[in-house]
Amino acid sequence: GPVSMLVAQITSDGTLRGVAEWEGEVESGPLKEQFENGRLIITIDPGQGGDSYQGIVDLGDGGLAQALEGYFRQSERMETRLWLAANEEQAAGFLLQSSAEEREQDEDEDEDGWNRVVHLGSTITDQELLELPSQDLLRRLFHEEQVRLFDLEPISFRCTCTRERIEEILHEI
């Protein structure tokens with residue numbers, strides 16, 4: 001496809017930056033149409049002398065959401081369901097996760113719990129995902145379930161570039 005590389009760098013400090021490389025015209029539409037034989041590569045660097053590790057999954061026909069679900073299933077051993085939506089102004093996502101330990105514990109109390117919440121989550125629409133506040137969306141989906149909503153953590157753009165790195169890039173051009 002026209003996009004040869006798309007990188008998102010996210011830190012534990014809540015900073016984010018993105019970089020993309022493409023050739024020709026990139027038309028709006030599903031991300032999977034912008035990549036041919038694309039792969040999702042996730043590299044986690046724990047910092048402070050810890051070893052970094054990497055997981056690689058094919059984008060395939062299912063797109064980014066299914067690729068991320070595959071990554072969590074393979075690399076993190078966590079059942080994951082993910083719904084993504086975007087328009088010209090914003091992007092939104094809805095994530096359900098259950099680790100093997102949580103599923104074993106829940107099976108003693110509620111053997112159908114994971115299947116039930118996934119089924120309820122599958123009723124979400126792109127419009128709801130983009131327009132409803134989190135509390136309203138959770139109430140609509142899980143009004144009979146015990147839900148825990150975490151505090152919002154702000155995300156901000158931050159480039160790791162330095163003046164020297166930018167000057168070096170400009171001199172190469």
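1. In this predicted model, Phe-142 is in contact with Phe-94, Leu-96, Val-117, Leu-120, Gly-121 and Val-147, leaving aside its neighbours within four places in sequence.

2. Phe-142 also belongs to the largest nonpolar core, which has 14 residues. Along with Phe-94, Leu-96, Ile-124 and Leu-129, Phe-142 is among the members that touch the most others. Two or more residues each come from β5 (78-86), β6 (91-99), α3 (113-121), α4 (126-131) and α5 (134-142). The biggest share is that of α5, which gives four residues. A second core of 11 residues is separate from this one and includes Phe-35, Leu-40, Ala-65 and Leu-82.

3. Leu-82 also appears in the surroundings of Glu-69, a residue of helix α1 (residues 63-76). Is Glu-69 buried or exposed? Its relative accessible area is 8%, under the 20% limit, so Glu-69 counts as buried. Beyond four places in sequence, Glu-69 has contacts with Thr-80, Arg-81 and Leu-82. Two polar links can be specified: the side chain of Glu-69 makes a polar contact of 3.2 Å with the side chain of Arg-81, and reaches the backbone nitrogen of Leu-82 at 2.8 Å.

4. Three strands form an open sheet in the order β1-β2-β7, and the pairing is mixed. The edges are β1 (3-10) and β7 (156-157); each has a single partner strand, so one side of each lacks a neighbour in the sheet.

5. The pairing of β1 with β2 (residues 15-22) is antiparallel and comprises seven bridges. Within the sheet, Leu-6 stands opposite Ala-20 of β2.

Note on methods:
Residues numbered from 1 in each chain as written. Predicted model: local features only at pLDDT ≥ 70, side-chain atom pairs only at ≥ 80, totals over all residues. Heavy atoms only, no water. Buried < 20%, exposed > 50% of the residue type's maximum accessible area, 1.4 Å probe, protein only. Polar contact = N/O pair within 3.5 Å; in protein donor to acceptor, adjacent residues only side chain to side chain. Contact = heavy atoms within 4.5 Å. Pairing = 2+ DSSP bridges. Core = buried A, V, L, I, M, F, W, Y, C linked by side-chain atoms within 4.5 Å.
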